[in-house]
Amino acid sequence: MEGAVRMEIRDTGRGFDRGAADWRPGLGLASMEERVRLLGGSLKVNSRPGGGTRILVEVPTHGQTEDTAGG
(Lines give C-alpha, C1' and ligand atoms only; values in the text may rest on other atoms or scores of the structure.)
Protein backbone atom coordinates (compact mmCIF):
# COMPACT_ATOMS: atom_id res chain seq x y z
CA MET A 1 0.00 0.00 0.00
CA GLU A 2 1.58 3.29 -1.11
CA GLY A 3 1.36 6.14 1.39
CA ALA A 4 0.92 3.89 4.40
CA VAL A 5 2.27 3.38 7.87
CA ARG A 6 3.38 -0.19 8.50
CA MET A 7 3.96 -1.73 11.90
CA GLU A 8 4.98 -5.19 13.06
CA ILE A 9 4.52 -6.42 16.61
CA ARG A 10 6.08 -9.72 17.69
CA ASP A 11 6.39 -11.69 20.85
CA THR A 12 7.70 -15.08 21.84
CA GLY A 13 4.86 -15.81 24.24
CA ARG A 14 2.34 -18.63 24.46
CA GLY A 15 0.62 -17.90 21.16
CA PHE A 16 -2.90 -19.08 20.34
CA ASP A 17 -4.99 -20.83 17.71
CA ARG A 18 -7.76 -18.58 16.34
CA GLY A 19 -9.36 -21.62 14.75
CA ALA A 20 -9.76 -23.50 18.04
CA ALA A 21 -13.36 -24.07 19.15
CA ASP A 22 -12.71 -22.48 22.56
CA TRP A 23 -10.75 -19.44 21.29
CA ARG A 24 -12.25 -16.02 22.00
CA PRO A 25 -10.60 -12.70 21.08
CA GLY A 26 -9.42 -10.58 23.98
CA LEU A 27 -10.36 -6.93 24.26
CA GLY A 28 -6.89 -5.79 23.14
CA LEU A 29 -6.90 -7.69 19.86
CA ALA A 30 -10.54 -6.84 19.13
CA SER A 31 -9.82 -3.13 19.76
CA MET A 32 -6.81 -3.16 17.45
CA GLU A 33 -8.81 -4.82 14.68
CA GLU A 34 -11.64 -2.28 15.02
CA ARG A 35 -9.36 0.77 15.04
CA VAL A 36 -7.37 -0.39 12.02
CA ARG A 37 -10.60 -1.16 10.14
CA LEU A 38 -11.99 2.32 10.91
CA LEU A 39 -8.83 3.85 9.43
CA GLY A 40 -9.19 1.79 6.25
CA GLY A 41 -6.18 -0.37 7.00
CA SER A 42 -5.41 -4.03 7.39
CA LEU A 43 -4.37 -6.15 10.34
CA LYS A 44 -2.99 -9.68 10.04
CA VAL A 45 -2.38 -11.94 13.00
CA ASN A 46 -0.13 -14.98 12.78
CA SER A 47 0.07 -17.06 15.93
CA ARG A 48 0.45 -20.65 16.99
CA PRO A 49 0.33 -22.25 20.41
CA GLY A 50 3.81 -22.27 21.92
CA GLY A 51 5.18 -20.22 19.03
CA GLY A 52 4.43 -16.61 19.86
CA THR A 53 2.45 -14.08 17.87
CA ARG A 54 3.17 -11.71 14.99
CA ILE A 55 0.80 -8.86 14.16
CA LEU A 56 1.17 -6.86 10.93
CA VAL A 57 -0.66 -3.54 10.64
CA GLU A 58 -0.89 -1.29 7.59
CA VAL A 59 -2.84 1.98 7.64
CA PRO A 60 -3.09 4.43 4.73
CA THR A 61 -1.83 7.96 5.35
CA HIS A 62 -3.68 9.64 2.48
CA GLY A 63 -6.83 11.57 3.25
CA GLN A 64 -6.15 11.87 6.96
CA THR A 65 -7.51 14.88 8.76
CA GLU A 66 -6.47 16.27 12.09
CA ASP A 67 -9.30 14.26 13.69
CA THR A 68 -8.17 10.89 12.27
CA ALA A 69 -4.43 11.57 12.61
CA GLY A 70 -4.75 11.99 16.37
CA GLY A 71 -3.53 15.59 16.43
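This passage describes the fold, the strand pairing, the nonpolar core and a few selected residues of a predicted model.

The protein contains two helices and three strands, and these elements follow one another along the sequence in the pattern β-α-β-β-α. Of its 71 residues, 18% count as buried, and the accessible surface amounts to about 5,400 Å², with 51% of that area belonging to carbon and sulfur atoms. When contacts between residues at least 6 apart in sequence are considered, 59% of them join residues at least 24 apart.

Strand β3, which spans residues 53-60, takes part in two strand pairings. With strand β1 (residues 4-11), β3 runs antiparallel and is joined through eight bridges; within this pairing, A4 has P60 of β3 as its bridge partner. With strand β2 (residues 42-47), β3 pairs through six bridges, again in the antiparallel sense, and V45 stands opposite I55 of β3. The hairpin formed by β2 and β3 has five residues between the strands, and G50 in this hairpin adopts a positive phi near 80 degrees. Strand β3 is also mostly covered, since six of its eight residues are buried.

In soluble globular proteins, nonpolar side chains tend to be buried together. In the present model, the largest nonpolar core consists of eight residues, namely W23, L29, V36, L43, V45, I55, V57 and V59. Two or more residues of this core are given by each of α1 (27-38), β2 and β3, and the largest share, three residues, comes from β3. The core therefore includes V45 and I55, the two residues that stand opposite each other in the pairing of β2 with β3. W23, another member of the core, has a relative accessible area of 19% and is classed as buried because the cut-off lies at 20%.

A single aromatic pair is counted in the model, and it is formed by F16 and W23, whose rings are stacked with 5.6 Å between the centres and 20 degrees between the planes. F16 is located in the loop between β1 and α1. Its relative accessibility of 21% places F16 in the partly exposed class, whereas W23, at 19%, is buried; the two values fall on opposite sides of the 20% cut-off, so the two residues of the stacked pair receive separate labels. Leaving aside residues up to four places away in sequence, F16 touches W23, L29, V45, S47, R48, P49 and T53, and W23, L29 and V45 in this list also belong to the nonpolar core. Between F16 and G51, which are 35 residues apart along the chain, the C-alpha separation is 8.3 Å.

T53, one of the residues touched by F16, is found in strand β3 and counts as buried, its relative accessibility being 12%. The side chain of T53 makes a polar contact of 2.8 Å with the side chain of S47. Beyond residues up to four places away in sequence, T53 touches I9, R10, D11, G15, F16, V45, N46 and S47.

N46, which is among the residues touched by T53, lies in strand β2 and is partly exposed, with a relative accessible area of 42%. The contacts of N46, again without residues up to four places away in sequence, are with G52, T53 and R54. N46 and F16 are 30 residues apart in sequence, and their C-alpha atoms lie 9.0 Å apart in space.

A further residue considered here is G41, which is found in the loop between α1 and β2. With a relative accessible area of 23%, G41 is partly exposed. When residues up to four places away in sequence are not counted, G41 touches V36, E58, V59 and P60; of these, V36 and V59 are listed in the nonpolar core, while P60 is the bridge partner of A4. G41 and V5 are separated by 36 residues in sequence and by 9.3 Å in space, C-alpha to C-alpha.

Terms used
Residues numbered from 1 in each chain as written. Predicted model: local features only at pLDDT ≥ 70, side-chain atom pairs only at ≥ 80, totals over all residues. Heavy atoms only, no water. Buried < 20%, exposed > 50% of the residue type's maximum accessible area, 1.4 Å probe, protein only. Helix = DSSP H or I, 4+ residues; strand = E, 2+ residues; numbered from the N terminus. Pairing = 2+ DSSP bridges. Core = buried A, V, L, I, M, F, W, Y, C linked by side-chain atoms within 4.5 Å. Contact = heavy atoms within 4.5 Å. Areas by Shrake-Rupley, 256 points an atom, 1.4 Å probe, with all protein chains shown as cover. Polar contact = N/O pair within 3.5 Å; in protein donor to acceptor, adjacent residues only side chain to side chain. Phe/Tyr/Trp six-rings, centres within 6.5 Å; stacked < 30°, edge-to-face > 60°.
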